[in-house]
Amino acid sequence: MTQYFSKAALLAIAVAASTGAASARDQIQVAGSSTVLPYAKIVAEAFGETFPNFKTPVVESGGSGAGIKEFCKGVGENTIDIANASRAMKDTELKSCVDAGVKDVQEVRIGYDGIVFATDIKGPDWALSPSDVYLALAAKVVVDGKLVDNPNTKWNQVNPKLPDWDIAAYIPGEKHGTREVFEEKLLAAGCEATKASETIATLGLDKKAAAAACIAVRKDGKAIDIDGDYAETLARIDANKTGVGVFGLAFYENNADKLKVATVDGIVPSTETISSGKYPVSRPLFFYVKKAHLGVIPGLKEYVDFFLDDQMVGEDGPLVEYGLVAAPEAERKAQRDAFAAGETLKN
Amino acid sequence: MTDTTLNAPAVAARPARRDIGLKRRYAAERRFKMYGIIAIAIGIFFLAALLYSVISNGYTAFWQTEVNLAINFDPEVIDPDNKRATDPSVLLTANYPVLARNALAEKLGVSKTDRPAMREMSKLFSDGVRGQLRELVAANPSLIGTTQNIWVLTGADIDSAFKGQIDISVEESRRKVSDRQLGWMEQLKGEGAMTQRFNSGLFTYGASSRPETSGLGVALVGSLYMMLIVLGLSLPIGVAASIYLEEYAKKSRLTDIIEVNINNLAAVPSIVFGLLGLAVFINFFNLPRSASLVGGLVLTLMTLPTIIIATRAALRAVPPSIRSAALGVGASKTQMVFHHVLPLAAPGILTGTIIGLAHALGETAPLLLIGMVAFVANSPVTPLDPATALPVQIYMWANEAERAFVERTSGAIIVLLLFLAVMNITAIILRRRFERRW
């Protein structure tokens, strides 16, 4: 009896393995950034509804880095077709792609995403600048010409116009793509603006270490890394009414009855101010297509065309309604043309 | 006289003999009981807090706001060129939302030329109406040209507002539902045309970017397939391995090593099995990504040690006298195992298996790496199709931005808890009913 059992089990595995290898995949597989995920889901769903002859693509989340790594595993039916990313692919990643046989990668830029600071709806209005953020959250700041551990404990010590609240900021954790934008557009910019970078430059650090010193975040519990999603940040703000959270624009707009958004450099974040480039803290969103899979996986080309169509990424499309900031008309057209022409990333 | 002399010292010695720390020992006993009660009270408090937060957030997910519309299946909208007889695909691509919009405009008295009002009004019903009406028409094309009263889902924000989950005291521009939409809601509610109905879609729809049309359908099918695979593979393999180790194998260094390894494997974090699954089943055997087959195989690996340990304990609990008696009346070793030992050990084995399955049902980590934490809209037909699992769906919904997903997250947790409760109760009943004590 036991022998039959184990034989049957082995047989089941063998049958499964052979059928798995034999059946052609008829469904697009996408993986990557959790920021791009909601947009990819909307497009995937609409794609499935608009083209009854294709199945709805499967969209995994897991982060830009993880998605690109999966994407660069190689070419074939058991590798994914598209990687979503909230940042551009790095040269090292492209190299690992090429080494694994993924020679032709097409880059598609779908639009922009803004990062906003928000507080509990009942709090006062906030007007931040990169300098305020730097002075409040950097690990070291300049006091009397010397670089010291950040002594600020209240927001109004940083800028008298800010409220008398203990500093408690919920910022994206280090594995988030959002963190890079936060570091680059706020901390590094604030470092420049407060002339702290000049003091750091006198310390004799090499360029890389100086840049790292500028964007180092304080570790004394005033700046709290959130490794989960924005829903967790919102829960923290709910629990601590004097906390300041960092959110994606789309998430803020979906929860505008609970949150009050802060201006940065006097600009209110909105799809208009981000697409015009006035609001400083924004980033482009991408996805990457495996050229070798076009024409092999049914519907892949149609999916990308559908994604780039103005009825999806355009100003009146559902992605903008969800919170994506549409790229200007000319850029959208350029993306469509580049994809149609089959342009690939150069190593 | 002799009596008194004998009794007197005994009476005198009594107080000394009775001082045996009785008070202290009673106090210690009372203290220990109290610690026990406190421990249980803490446990019950946290359980109650968990259940309260889940149920109070989640019970609303089982009802969904719907609006009753008198939809006129206008052939001018569905099939303007009248070619459905020759080209049935027009029925699939027709603009069904327009039908619902026209019906609602008529009901609310909104002018079809007032475009801003029409746009605002379209938010009252879900975009999912396209699929709903398409299915109706595709199943029964004779509906075209008739008018039917149909319940359609409302948009997610309207549903949240109807359930009182959106704070309508804040100013209008800061919330997702406008004053005009609230007015329409009141009007429809007064007419009885908008009400909450049982949300059967929660159990049938797949993943969706629209909260109102997203459901656990794909996750339930995926979890079912995985449980069947886990049961079908890990029970026979686990039982065979344990019987061999317990009844046949001679105790040697090798069996000791195997035993240590099995106990170790039972404690390995489940994500490690996910990595193994990715490397072996997907990269080596070329099985498809995101398929419940791969998920089932990974969970089988994870459940096997639990089942082997439980089975071996159950086999060991069968007294040796049973074995000796069977062998004594001339049974072979195999007959002894399968006719006597295994039936007596079965309740213990089944309990262990069910607990192992319940554990596997609640796992997400190993599924992450094999691509099952994903947006899957099409219901899987075979175990080779992409699917998700119940805990995965909970995780994905917990990360959504829309308010309406909050109740769905808790609703899905309730469903998962119910499944786990049913499985564990089955395990207890099996044990109670068939267990033998010696």
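These notebook entries record what I looked up in a predicted model of two chains, A and B.

**Entry 1. Confidence**

I began with the scores of the predicted model, which are ipTM 0.79 and pTM 0.80. For chain B I noted a mean pLDDT of 89, with 96% of its residues at 70 or more. Within chain B, helix H2 (residues 22-58) has the highest confidence, at 95, whereas helix H1 (residues 2-18) has the lowest, at a mean of 53. Where pLDDT is low, the predicted coordinates should not be read in detail.

**Entry 2. Helix H11 of chain B**

I next looked up Ile237(B) and found its place in helix H11 of chain B, which covers residues 217-248. Is Ile237(B) buried or exposed? I recorded Ile237(B) as buried, because 20 other C-beta atoms lie within 10 Å and 20 or more is the cut-off for that class. I also checked Ile237(B) against Ile308(B): the two are 71 residues apart in sequence, yet their C-alpha atoms are 8.7 Å apart in space.

I then turned to the packing of H11(B) with helix H18 of chain B (residues 390-398). The axes of the two helices are 8 Å apart and make an angle of about 150 degrees. On the H11(B) side I listed Ala219(B), Leu220(B) and Ser223(B); on the H18(B) side, Leu390(B), Val392(B) and Gln393(B). Sorted by class, this contact has four nonpolar residues, two polar ones and no charged ones.

**Entry 3. The contact between the chains**

I looked up how chain B meets chain A: 38 residues of chain B are in contact with 42 residues of chain A. Which elements of chain B give two or more residues to this side? They are helix H7 (129-139), H11 and strand E4 (374-375). H11(B) supplies the largest share, five residues. By class, I recorded 24 nonpolar, eight polar and six charged residues on the side of chain B that touches chain A.

I followed E4(B) across to chain A and found that it pairs with strand E2 of chain A (residues 58-60), antiparallel, over two bridges. In E4(B), Ala374(B) stands opposite Glu60(A).

**Entry 4. Nonpolar cores**

The largest nonpolar core has 167 residues, and I noted those that touch the most other members: Val43(A), Ala83(A), Phe287(A), Tyr288(A), Val294(B) and Leu390(B). H11(B) gives the most to this core, 15 residues. I had already met Leu390(B) in the contact of H18(B) with H11(B). For Val294(B), I set aside neighbours within four places in sequence and found contacts with Gly277(B), Phe281(B), Ile282(B), Leu287(B) and Ile370(B). A second, separate core has 27 residues, including Val67(B), Ile71(B), Ala94(B) and Val177(B).

**Entry 5. A sheet in chain B**

I looked up an open sheet of three strands in chain B, with the order E2-E1-E3 and antiparallel pairing. Strands E2 (147-153) and E3 (194-198) stand at its edges; each has a single partner strand, so one side of each lacks a neighbour in the sheet. On average, neighbouring strands are turned by 45 degrees against each other, direction ignored.

Strand E1 of chain B (residues 63-72) and E3(B) form an antiparallel pair over five bridges. I found Val67(B) opposite Met194(B) of E3(B). Helix H5 of chain B (residues 96-108) packs on this sheet, where it touches E1 and E2, and its direction makes about 90 degrees with that of E1(B).

**Entry 6. Positive phi**

I checked two residues other than glycine with positive phi. Asp265(A) has phi near 55 degrees and lies in the loop between strand E12 (263-264) and helix H12 (271-275) of chain A. Asn286(B) has phi of about 60 degrees and lies in the loop between helices H13 (270-284) and H14 (292-316) of chain B. I recorded Asp265(A) as partly exposed, with 15 C-beta neighbours inside 10 Å. Asn286(B) is partly exposed, with 15 other C-beta atoms within 10 Å.

**Entry 7. Arg109 of chain A**

Last, I placed Arg109(A) in strand E4 of chain A, residues 105-120. Arg109(A) counts as partly exposed, with 18 C-beta neighbours inside 10 Å. Leaving out residues up to four places away in sequence, I listed Pro284(A), Phe286(A), Ala327(A) and Gln335(A) as the residues that Arg109(A) touches. Arg25(A) is 84 residues from Arg109(A) in sequence and 26 Å from it in space, C-alpha to C-alpha.

Notes
Residues numbered from 1 in each chain as written. Chains lettered and ligands numbered in written order. Predicted model: local features only at pLDDT ≥ 70, side-chain atom pairs only at ≥ 80, totals over all residues. Helix = DSSP H or I, 4+ residues; strand = E, 2+ residues; numbered from the N terminus. Buried ≥ 20, exposed ≤ 12 C-beta atoms within 10 Å, placed from the backbone. Axes fitted to C-alpha atoms, helices over the stretch in contact; angles between N-to-C directions. Contact = placed C-beta atoms within 7 Å. Nonpolar A, V, L, I, M, F, W, Y, C, P; charged D, E, K, R; others polar. Pairing = 2+ DSSP bridges. Core = buried A, V, L, I, M, F, W, Y, C linked by C-beta atoms within 7 Å. pLDDT = per-residue confidence, 0-100.
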